[in-house]
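I opened a new notebook page for this chain. My plan was to look up the overall make-up, then the cores, the surface, the rings and the charged pairs.

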Amino acid sequence: MSEVTVVTTAPVRAVSLFGRLRALIVPLLAVFTAVLIGSVFIVLTSVFSDTGASIGENLVKGVQTAGAAFSGLLNGAFGDSSGLTRTLVKTTPLIFSGLAVAFAFKGGLFNIGAQGQLAIGSVTSAWVGFAIQVDLGNPVLSAVVHVTLALLAGMLGGALWGAIPGLLKAYTGAHEVITTIMFNFIATNLIAWLLYAGSPGEGIPPGPLNDGNGVITRTPTIYPTAQLPVIYDPPGPQALHLGLFLALIAAIVILLVLTRTTFGFELRMVGLNPTAARYSGISVKRITVLTMIIAGALAGAAGAMQTLGVNYRYEPNQSLGLGFDAITVALLGGNNPIGVILSAFLFGAMDAGSTRMQFNSGVQSEIIVVIQALILMFVAAEEIIRTVYRIRGAGGPAQKLSTGWGQR
């Protein structure tokens with residue numbers, strides 16, 4: 001009997017591992033193709049520039065510029081300890097926000113509202129950080145309590161902001177794409193009011209959370225006890241804080257929830273087929289609301305990372321686009337928590353190295369945004385990659401963004 005067991009299980013594991021590796025082919029080729037097209041853009045910019053040189057000379061210059069650009073990108077992201085730290089710091093909120101989008105995807109929900117949930121989480125964590133002073137007589141204990149409260153406040157803020165679209169989806173059928181987009185606008189303008197610097201000449205007072213500087217829209221600085229502990233501080237302006245390990249732990253927890261719990265099974269079943277899930281006795285409404293609450297909490301944690309670990313206050317430009325980048329991160333990672341970590345690291349590196357790329361080659365850092373958009377396009381429309389590289393389909397349906405488009 002034991003011999004039969006060995007013979008039957010080993011090939012199954014081998015096939016499973018091969019299948020997992022094969023699933024990486026399309027995302028990797030999507031990144032490669034996006035970088036290749038970005039290089040072509042850089043070369044064409046040089047070829048058609050008015051330098052007085054011949055087309056051939058401009059072509060050579062364009063190739064050299066593209067090489068210098070991507071060399072600068074790699075050096076800026078990994079060239080020294082400061083660059084690697086910058087990459088990891090930028091990776092941290094992307095892991096949290098990518099998990100927020102991926103988790104909702106698993107439940108069949110397209111959470112466009114990660115940006116708003118992230119901003120609300122960032123502001124609420126800042127409020128706890130500067131409005132509440134924790135002094136328990138022991139500096140270490142005070143810091144542990146205060147930073148924990150601030151982080152939980154950020155997660156709670158994001159969870160509440162995500163719960164509302166979830167409730168609207170579950171009990172009124174309002175589509176989550178529309179409601180989460182609207183909640184992004186509401187969050188942006190609500191925060192703008194809270195942080196408004198005021199206009200004494202017009203008799204307009206500052207917002208209730210403004211630090212009273214009279215010029216800049218920002219909150220006061222949080223207390224040192226609310227700051228995330230620094231675990232590595234290389235030469236340079238950026239230090240690595242504890243948030244990276246919290247993000248990795250969160251990814252593992254989400255993976256276990258999805259694959260090892262009854263709730264995770266129900267969530268995935270609702271995401272695959274809500275009608276079948278309902279007939280099997282699963283409360284689709286409960287799963288929908290809980291999914292958005294957890295997704296919002298993860299996005300709120302991403303915002304808290306920026307406030308408690310990087311800026312030590314909230315400023316509107318600190319979370320610019322992080323919630324939207326999370327959509328690309330989640331899709332590139334195949335909505336798998338481990339994949340999200342890898343794709344977040346890639347995006348963190350591109351963001352961290354873009355300044356050095358621009359400095360070394362003169363290529364505008366916006367080309368990175370173009371490459372990120374191309375990656376999203378190729379991942380969403382993976383048939384393009386399969387056709388170009390002659391890759392056979394996996395035999396299953398293509399990656400779906402959501403089962404909720406106009407359904408339920």
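My entries follow, one topic at a time.

**Entry 1: overall make-up**

I noted at the outset that this is a predicted model. I looked up the secondary structure and found 15 helices and two strands in the protein chain. I then asked what share of the residues counts as buried. The answer is 48% of the 408 residues. I also checked the contacts with a sequence separation of 6 or more, and 71% of these join residues 24 or more positions apart. The accessible surface comes to about 19,900 Å². Carbon and sulfur atoms hold 68% of that area.

**Entry 2: nonpolar cores**

Which residues touch the most other members of the largest nonpolar core? I found Phe96, Leu308 and Ile375, in a core of 80 residues. Helix H4, residues 81-106, gives the most to this core, with 11 residues. I followed Ile375 further and left out residues up to four places away in sequence. Its partners are then Ala30, Val31, Ala34, Thr328, Leu332 and Met350. Another core, of 13 residues, lies apart from the largest one. Its members include Val123, Ala126, Phe130 and Ile191. I added a general remark: in soluble globular proteins, nonpolar side chains tend to be buried together.

**Entry 3: a nonpolar patch on the surface**

Next I looked for nonpolar side chains at the surface. Ile178, Met182, Phe185, Ile186, Leu190 and Trp193 make a nonpolar surface patch of about 630 Å². I picked out Met182, which is found in helix H7, residues 176-194. Is Met182 buried or partly exposed? Its relative accessibility is 42%, so it counts as partly exposed. The reasoning rests on the class limits: buried is under 20% and exposed is over 50%.

**Entry 4: aromatic pairs**

I searched the whole structure for aromatic pairs and got three. I wrote up two of them.

The ring centres of Phe105 and Phe110 are 5.1 Å apart. Their planes meet at 40 degrees, so I logged the pair as tilted. Phe105 has a relative accessibility of 7% and counts as buried. Phe110, at 8%, counts as buried too.

For Trp161 and Phe183, the ring centres are 5.2 Å apart and the planes stand at 70 degrees. Why is this pair edge-to-face? The limit for that class is over 60 degrees, and the angle of 70 degrees therefore puts the pair in it. Trp161 lies in helix H6, residues 139-172, and Phe183 in helix H7. The pair so ties together parts that are 22 residues apart in sequence. Trp161 is buried, with a relative accessible area of 14%. Phe183 is buried at 13%.

**Entry 5: salt bridges**

How many salt bridges does the structure hold? I found six. I looked at three of them in detail.

I began with Asp211 and Arg313, where the closest N and O atoms are 3.4 Å apart. This pair links distant parts of the chain, with the two positions 102 residues apart. Asp211 sits in the loop between H7 and strand S1 (230-232). Arg313 sits in the loop between helix H11 (284-311) and helix H12 (322-332). Asp211 is partly exposed at 26% relative accessible area. Arg313 counts as buried at 14%. I also found Asp211, Arg218 and Arg313 linked in a network of salt bridges.

I moved on to Arg286 and Glu266, with closest N and O atoms 2.9 Å apart. Arg286 is in helix H11 and Glu266 in helix H9, residues 262-272. The two are 20 residues apart. Arg286 is partly exposed, with a relative accessible area of 38%. Glu266 counts as buried at 16%.

My last lookup was Glu382 and Arg386, whose side chains meet in a salt bridge of 2.8 Å, N to O. These residues are four apart in helix H15, residues 382-388, so about one helical turn separates them. Glu382 counts as buried at 16% relative accessibility. Arg386 is buried at 13%.

Terms used
Residues numbered from 1 in each chain as written. Heavy atoms only, no water. Core = buried A, V, L, I, M, F, W, Y, C linked by side-chain atoms within 4.5 Å. Buried < 20%, exposed > 50% of the residue type's maximum accessible area, 1.4 Å probe, protein only. Contact = heavy atoms within 4.5 Å. Patch = residues over 30% accessible without salt bridge, like charges linked within 9 Å, V, L, I, M, F, W, Y side chains within 5 Å. Areas by Shrake-Rupley, 256 points an atom, 1.4 Å probe, with all protein chains shown as cover. Salt bridge = Lys/Arg side-chain N within 4 Å of Asp/Glu carboxyl O. Phe/Tyr/Trp six-rings, centres within 6.5 Å; stacked < 30°, edge-to-face > 60°.
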